[in-house]
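Biologist: Please take a close look at the sheets of this model, and then at what packs around them. A plain account will do.

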Amino acid sequence: MKTAIATVSIAGDLSEKLAAIAEAGFDGIEIFENDFLTFDASPREVGEMARGYGLEISLFQPFRDFEGMPEPQRSRAFERAKRKFDLMNEMGTDLVLVCSNVSPLSLGGIDRAAADFRELGDLAAEHDIRVGYEALAWGRHISDHRDAWEVVRRADHPNIGLILDSFHTLSKGIDPDSIRSIPGDRIFFIQLADAPKIDMDLLYWSRHYRNMPGEGDLDVTGFMRAVAATGYDGVISLEIFNDQFRGGSPKAISIDGHRSLVYLMDQVRRVEPDIKIQVDDMPDRIPVGGIEFVEFAANKAEADSLGTLLRTLGFVRTGRHVSKNVDLWRQGDINIVINTERTGFAHSSYIVHGTTVCDIGLRVEDAQATIERAEALGATLFSQEVKPGELDIPAIRGVGGGVMHFIDGKSDLARVWDIEFRAIEEDGGKPLDAGLTRIDHIAQTMNLEEMLTWMLFYTSIFETHKTPMVDVVDPAGLVRSQAVENQDGSLRLTLNGAENRRTLAGHFIFESFGSAVQHMAFETTDIFAAAEALRRNGFSAITISPNYYDDLDARFGLEDDMLDALKSNSILYDRDGDGEYFQIYSPIYREGFFFEIIERRGGYNGYGAANAQFRIAAQKRHLRRSDIPKR
C-alpha cells in the first residue's frame with residue numbers, strides 16, 4: 001500500500017512538513033501549490049528535498065478553472081498548464097490534479113470539457129505528465145464524480161484520468177457504490193477525508209472541518225471499498241483542510257493520518273478480500289473484557305491520604321508487591337494499585353504530574369495480539385526492567401504519556417495478583433463494603449486538540465465505537481466530551497477536551513502538567529445502600545445546591561421519598577426514556593481528581609451530562625485555592 005498526504009493538511013513550512021510526513025511513515029506527498037509558492041527554493045531543490053526524506057511527490061495540485069472556458073481565457077489556461085508541466089518536470093513529479101471549474105465564465109457541457117481535456121492530454125504527453133480530473137462538490141457545472149468520469153471517458157486519452165475525493169462524494173450524499181463501475185486503471189489517484197456531519201455550506205465545511213478517516217461521521221470505509229473493488233492499486237492519500245490541524249503539531253497530525261489509513265485499509269481488506277492494494281496482515285480489532293486495574297503513582301504521604309479516601313469508599317488494602325513499594329486495594333472486581341517506588345516509570349510519572357493515574361490495565365482476549373495490532377497502527381510500545389517475581393506484561397504508551405497494560409487468560413498474566421502480590425491483613429479493622437462492583441468508566445481529560453487523536457487511537461486498536469459528542473457546561477466555559485465504548489459496556493472511556501484553564505478540566509490539565517485520568521466512576525447496584533455505607537465509613541460527598549433538587553422535582557415529578565433520599569445523600573439524578581442514572585461525587589483530591597459512584601437502571605447508557613454543570617459548580621466550591629498567582 002502506497003500512502004501519501006497533502007502538504008496543506010499540516011502546519012509548518014514545507015521542510016517542516018516533509019520531515020513530519022516522512023517520520024510518520026508515509027511514502028509520498030501531494031504538494032499543495034501554495035506550499036511551494038511560499039517556500040524559498042526552486043522546483044528542482046524541492047524535488048531533491050522530498051526525495052532526500054524518502055518521499056515521492058505523488059501529485060502536484062491544484063490546477064483550477066481549466067475546462068469549458070471561452071476565449072481568451074481558454075488559451076490562457078493552456079499556457080498556464082504548459083508552464084506548470086515544465087515546473088513539474090523540474091520538480092520530478094508526473095501527476096497534476098485539475099479540479100472542476102468554478103469560474104462564472106465557464107460555459108459547461110460534457111463534450112466541450114472532454115474536448116479540452118483531450119487537447120490537454122496531448123500537451124501533457126509531450127511532458128510525460130498525467131492529468132487527473134476531480135469533481136469539486138461545488139463545481140459550477142461538474143460537481144459529481146459520475147459526471148467527471150463521463151468527461152474522462154469521452155476525452156479517451158491515456159494521459160487523462162479520474163481523481164476521486166471521498167469528501168466530494170460523501171458530503172453530497174452520492175452513493176459510493178457508483179464508483180464500482182469505473183475501470184480501476186482510469187482512476188489516477190485517491191484522496192480521502194472524513195468530516196463531522198454538519199449542515200452548512202459545502203465549501204466552508206470542506207475548507208474548515210475535514211478530518212482523518214475514522215475521526216468523523218462519513219462512510220469513508222464504504223467509499224474506499226468501492227474504489228478497491230475497481231481494481232485500483234495506486235496511491236491512497238489524505239487531503240485534510242482543518243483549522244485545528246493547521247495550528248497543531250505537524251508530527252502528531254501526520255502520525256494520526258498514517259494511522260487512519262492503515263486502520264481504514266485493514267477494515268476494507270476484511271470486507272473486500274479480493275483487492276489489488278497490498279495491505280499488511282494484522283490481528284483484528286481487539287475485544288476488551290473490562291478494566292483489570294488502575295495504578296496511581298504517588299509519594300508516601302499522598303499515598304496515605306489517597307488510601308484514606310479509598311477506605312471511606314469501602315476499599316481494603318489486600319496485597320503488597322513482592323519486590324516493590326506497591327499496594328493493592330480491592331472492592332468487588334475493582335483493583336486499585338498505588339505505587340510509591342522511588343525508581344522506574346511510576347516514579348517518573350509522579351515527578352512530572354504529581355499523584356495521578358499512571359497506568360490502566362485492560363482485560364483482553366490475547367495480549368500479544370493487542371501489542372501486534374497497536375504497533376502496526378503506530379502505537380509506542382512500553383517496557384521497563386522486569387524484577388524478580390514480576391511478570392513481563394505487554395504494554396503501550398497511552399494518553400498523556402501514561403501506560404496501558406494488557407492482561408489475558410492464556411498465560412500466567414491471568415494470575416498476576418497471585419504471582420506479584422502477597423496477601424496482607426490491615427490493622428484496625430476493615431471499612432464497610434460499599435457494594436462497589438466494577439469500574440463503570442474512566443474519564444481522561446486533555447486539551448481539545450488531542451481528542452481526535454485519542455478517539456482514533458482507541459477505536460482503531462480496540463473493538464469499540466464512539467458516541468456522539470456532548471457539551472459539558474462549566475461556569476467558566478464549555479468542555480467537549482465524547483465516549484469510547486465496547487458493545488456490552490464493560491469498557492467505557494470518556495474523553496473530555498478543555499479549551500481553557502478556567503474550567504475544572506482545564507485547571508486539572510494545568511496543575512497536572514498534561515492530559516491524564518481526572519476521574520473514575522465505580523458502579524453499584526444500590527446507590528442508596530452505597531450512600532449509607534459510605535457515610536458510615538466517613539465519606540463526605542460534595543454538597544449539591546438545594547436549588548438543583550427543586551428543579552429536579554419540577555422536571556421529573558419524583559415521589560417525595562425519592563426526592564428526599566436524593567437530597568439527603570447528595571445524589572444527582574438523570575432519566576432517559578425508561579433508564580435512570582444516579583451519581584455521587586467525592587470531594588476533589590489534589591488539583592482536580594475525583595471519584596464518582598453511579599447506578600444505572602433500565603438500560604441508561606449515558607453519563608449524566610445534564611448534571612455536569614451542577615456537580616462542577618459544587619466541586620469548584622470544594623476546590624482548594626491554587627498557590628500559583630493568577631494572571
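**The sheets and their surroundings**

Modeller: Eight strands close into a barrel in the order β1-β2-β3-β4-β5-β6-β7-β8, and their pairing is parallel. From one strand to the next, the twist averages 30°. The model is a predicted one, and what follows should be read as a description of that prediction.

Within the barrel, strand β5, residues 130-134, runs parallel to strand β6, residues 160-165, and three bridges join the two. At one point along this pair, G132 stands opposite G161 of β6. Helix α4, residues 73-91, packs on the sheet and touches β2 (28-32), β3 (56-63), β4 (95-99) and β5. The direction of α4 makes about 165° with that of β3. A further helix, α5 (residues 110-126), lies across β4, β5 and β6 and runs at about 150° to β5. Strands β4 and β5 therefore appear in the contacts of α4 as well as under α5, by the contact cut-off of heavy atoms within 4.5 Å.

Helix α5 also has a helical partner. It packs with helix α6, residues 145-155, at an angle of about 55°, and the two axes are 8 Å apart. That angle makes α5 oblique to α6, because it falls in neither the parallel range under 35 degrees nor the perpendicular range of 65 to 115. The crossing of α5 and α6 is right-handed. On the α5 side the contact is made by I110, D111, A113, A114, F117 and R118; on the α6 side it is made by D147, E150, V151, R154 and A155.

Another helix pair is formed by α1, residues 14-24, and α3, residues 43-52, which pack at about 25° with axes 10 Å apart. These two are therefore roughly parallel to each other, and α1 passes α3 in a right-handed crossing. L14, S15 and L18 of α1 meet V46, M49 and A50 of α3.

The other sheet is open. Its eight strands follow the order β14-β15-β13-β9-β12-β11-β10-β16, and their pairing is mixed. The edges are taken by β14 (395-397) and β16 (421-423); each has a single partner strand, so one side of each is left without a neighbour in the sheet. The twist in this open sheet averages 30° from one strand to the next.

Strand β15, residues 403-407, shows the mixed pairing in detail. With β14 it pairs in the antiparallel sense over three bridges, and V403 of β15 is the bridge partner of R397. Five residues lie between the strands in the hairpin of β14 and β15, where G400 takes a positive phi near 65°. With strand β13, residues 356-364, β15 runs parallel and is joined by five bridges; here I360 stands opposite M404 of β15. Five of the five residues of β15 are buried. V403, H405 and I407 point one way from the strand, while M404 and F406 point the other way.

Nonpolar side chains tend to be buried together in soluble globular proteins. In this model the largest nonpolar core has 103 residues, of which L313, I336, L362, Y458, M520, F522 and F595 touch the most other members. Helix α16, residues 451-461, gives the most to this core, with seven residues. A second, separate core holds 88 residues, including L18, A20, F36 and A114. Among these, L18 belongs to the α1 contact with α3, and A114 to the α5 contact with α6.

F522 can be followed further. Apart from its neighbours within four places in sequence, F522 is in contact with L313, F315, I334, I336, L436, R438, I439, D440, F595, E596, I597 and I598.

Two more residues give a contrast in exposure. Q619, found in helix α21 (residues 612-622), counts as buried at 0% relative accessibility. Leaving out residues up to four places away in sequence, Q619 touches L504, I542, Y585, I588 and F594. F528 has its place in helix α18, residues 527-536, and counts as partly exposed at 22% relative accessibility. Beyond its neighbours within four places in sequence, F528 is in contact with M562, A565, L566, N569, I571, F582 and R601. F528 and R246 are 282 residues apart along the chain, and their C-alpha atoms are separated by 50 Å.

Definitions and conventions:
Residues are numbered from 1 along each chain as its sequence is written. This is a predicted model: local features need pLDDT of at least 70, side-chain atom pairs count only at pLDDT 80 or more; totals for chains, interfaces and linings use all residues. Side-chain values use heavy atoms; hydrogens and water are left out. Two strands pair if DSSP finds at least two bridges between them. Helices (H or I, at least four residues) and strands (E, at least two) are DSSP runs, numbered from the N terminus. Axes are lines fitted to C-alpha atoms, for helices over the stretch in contact, and angles run from 0 to 180 degrees between N-to-C directions. A nonpolar core is a set of buried Ala, Val, Leu, Ile, Met, Phe, Trp, Tyr and Cys residues joined through side-chain atoms within 4.5 Å. Buried means under 20% relative accessible area, exposed over 50%, partly exposed in between (1.4 Å probe, protein chains only). Angles under 35 degrees count as roughly parallel, over 145 as roughly antiparallel, 65 to 115 as roughly perpendicular and the rest as oblique. A crossing is left-handed if the near helix is turned anticlockwise from the far one by less than a right angle, and right-handed if clockwise.
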